[in-house]
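Here's a quick tour of how the strands and helices in this model fit together. Have the structure open as you read.

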Amino acid sequence: MPGSLKTDAIVLRSMRYGEADRILHLYTPGRGRVSAIAKGVRKTKSRFGGRLEPFFSLRLILHEGRSDLMTVTSAETIAGHPRLREHAGALEGAARACEAVARVFDDGEPHAGVYHLLANELALLDGEPARATRSNALAFRLKLLLAAGFAPQLAGCASCGEREHLVGFSGSAGGVVCGACEASAFGLDQEAHDFMVGALGRSLADAPEASSRALAQAERAILETLEHHAHLRLRPVGRTLLAERPIA
């Protein structure tokens, strides 16, 4: 039924539409991912100003009609995260975090924990742009896997339950595997295993660091888990997110 929805939201993506409008992809704590149109937002005298841009945390009033596309009628800034826009690495980290949320969670899949996880990640990158490291990005993705129900099995072999001699990771099995079950697995060093356990158990601000080799193995584990169990592919994080480079 038509009506108004008051909600906090994070702008995942903003696209030009027509001569003066924008289509927004939003993530909300109570509705999950939703889409809305902001009419006239690109006009010079728009009442929305520049606040309907990606990575903004907002308090919105949305008009909900009969279509899937809501209409923004009011927008108040909770956090604009201006500092992350001044650093290439932080900006890239924010973009990949929003992209991952949009890809892993479909429309109509509310998850308040994911909303708060993303809000915390954006606040962290805004407050300390140097946090935009590969380890931070992978810790965020691991927590998304946990929220989506795809967290890898790390305590014992995902195939037979063996808790010793865990030498590999199998995306199809859904976690670490022992020497007897490693036929379809790739090698996983102890450091990579420790990183994944630590990333899942700690806050984003306290995410562990690891060597490039360990992070590459952890990233492969994340990507293969998503491919096998969520049937989607995310862009690799890559070797570095150049947090130390300000945008000229």
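## Where β1 meets β4

Let's start with one pair: G3 has E64, in β4, as its bridge partner. This is a predicted model, by the way. The wider picture is that β1 and β4 (residues 57-64) run antiparallel and are joined by 8 bridges.

## Two hairpins around β2

On to β2, which covers residues 21-28. β1 (residues 3-17) pairs with β2 in the antiparallel sense, over 7 bridges. Y17 is bridged to D21 of β2. The two strands make a hairpin with 3 residues between them, and G18 in that turn has a positive phi of about 65°.

Then there's β3, residues 32-38, which is antiparallel to β2 and joined to it by 7 bridges. I23 finds its bridge partner in I37 of β3. β2 and β3 also form a hairpin, again with 3 residues between them. As for exposure, β2 is mostly covered, with 7 of its 8 residues buried.

## Closing the barrel

Put the strands together and you get a closed barrel of 5 strands, in the order β1-β2-β3-β5-β4, with mixed pairing. From one strand to the next, the twist averages 50°.

## Helices on the sheet

Helix α1 (residues 88-104) packs on the sheet, where it touches β1, β2 and β3. The direction of α1 makes about 115° with that of β1.

Helix α2 (residues 112-127) packs on the sheet too, touching β1 and β2. For α2, the angle with the direction of β1 is about 50°.

Technical notes
Residues numbered from 1 in each chain as written. Predicted model: local features only at pLDDT ≥ 70, side-chain atom pairs only at ≥ 80, totals over all residues. Heavy atoms only, no water. Buried < 20%, exposed > 50% of the residue type's maximum accessible area, 1.4 Å probe, protein only. Helix = DSSP H or I, 4+ residues; strand = E, 2+ residues; numbered from the N terminus. Pairing = 2+ DSSP bridges. Axes fitted to C-alpha atoms, helices over the stretch in contact; angles between N-to-C directions. Contact = heavy atoms within 4.5 Å.
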